[in-house]
Amino acid sequence: TAIKNVTDGGVLKNGISTTLLNTIDGIFKQLKAIYTTTPARRTTITENAGASYAAQAITSANCTAVFNNLLKDADPRLANASDKIYISTRSLVQGYRWDMQSKGSDTIMQKQIDGVTVDMCNGIPIIEVGVWDEFIRAYFDNGTKWDNPHRAILTTKDQLALAFSSDGAFDNFDVFFDRKSKLNIVEGEDQYDAKCLLDYMFQVAI
């Protein structure tokens, strides 16, 4: 809700309207509050602090280290959870895959879950969120470097909550075709919010 452009001391790319992103406090803002209050909840990715795009490049071996360190640094209650997952930028997942391939162990690091092949590390599924990479490069670029281009979270599925004002929220949309503009118009409004629930159930690599 308090996002600012680079020229105003923030991290949002100049020329991008803050109104596109200031409707709620997103999960990364909430996660920052968690690891600022409890530094142990952060696993540092050194490359993110690089002063240029080139300096922010990360090796495949270091990508693997990020996933290992997330588990090593996690609160015991999270580390012992049976349903924990990694959620990660594509940059880290791709590097991890390359590292496993270079060691000849890429196939044993994958598993079929509900008919979908997912990457695994330490027996934990890795959920690749490529849209994070896209958003970071499109919106969080100060002209010299990106804002934390490599990100990963160790948590459980039930710790990331997205709530709407009612269970019929999606019924409030009005979809129609405008003959003059020849466009399909979608209109709708609702109240929603995202929440990170228990602080100790998150370990953040950033």
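Student: Why is D193 called partly exposed?

Tutor: Happy to explain! In this predicted model, D193 has a relative accessible area of 27%. Buried would need a value under 20% and exposed a value over 50%, so D193, at 27%, falls in between and counts as partly exposed.

Student: What makes the contact of K195 and D193 a salt bridge?

Tutor: The side chains of K195 and D193 meet with an N to O distance of 3.7 Å. The cut-off is within 4 Å, so the pair K195 and D193 qualifies. K195 itself is partly exposed, at 43% relative accessibility.

Student: How many salt bridges does the structure hold?

Tutor: There are 9 salt bridges in the structure. One of them joins D73 and K72, with 2.9 Å from N to O.

Student: Why is K72 called exposed, and why is D73 called partly exposed?

Tutor: K72 has 60% relative accessibility, and exposed means over 50%, so K72 counts as exposed. D73 has 23%, which lies between the 20% and 50% limits, so D73 counts as partly exposed.

Student: How do you know that D147 forms a salt bridge with R151?

Tutor: The closest N and O atoms of D147 and R151 are 3.3 Å apart. That is within 4 Å, so the pair meets the definition.

Student: Is R151 buried or exposed, and what about D147?

Tutor: R151 has a relative accessible area of 8%. Since buried means under 20%, R151 is buried. Its partner D147 is partly exposed, with 23%.

Student: Which residues are linked in a network of salt bridges?

Tutor: That network links R90, R97, D119 and E128.

Student: Now for a helix residue: why is Q94 called buried?

Tutor: Q94 is found in helix α4, which covers residues 90-102. The relative accessible area of Q94 is 12%, and under 20% means buried, so the label fits Q94. The C-alpha atoms of Q94 and S60 are separated by 7.9 Å, with the two residues 34 apart along the chain.

Student: What makes L162 an exposed residue?

Tutor: L162 has a relative accessible area of 55%. The limit for exposed is over 50%, so L162 passes. You will find L162 in strand β7, residues 160-164.

Student: Which residues form a nonpolar patch with L162?

Tutor: F164 and Y192 join L162 in that surface patch, and together they have about 290 Å² of accessible area. Patch members need over 30% relative accessible area, and L162, at 55%, therefore meets that requirement.

Methods
Residues numbered from 1 in each chain as written. Predicted model: local features only at pLDDT ≥ 70, side-chain atom pairs only at ≥ 80, totals over all residues. Heavy atoms only, no water. Helix = DSSP H or I, 4+ residues; strand = E, 2+ residues; numbered from the N terminus. Buried < 20%, exposed > 50% of the residue type's maximum accessible area, 1.4 Å probe, protein only. Patch = residues over 30% accessible without salt bridge, like charges linked within 9 Å, V, L, I, M, F, W, Y side chains within 5 Å. Areas by Shrake-Rupley, 256 points an atom, 1.4 Å probe, with all protein chains shown as cover.
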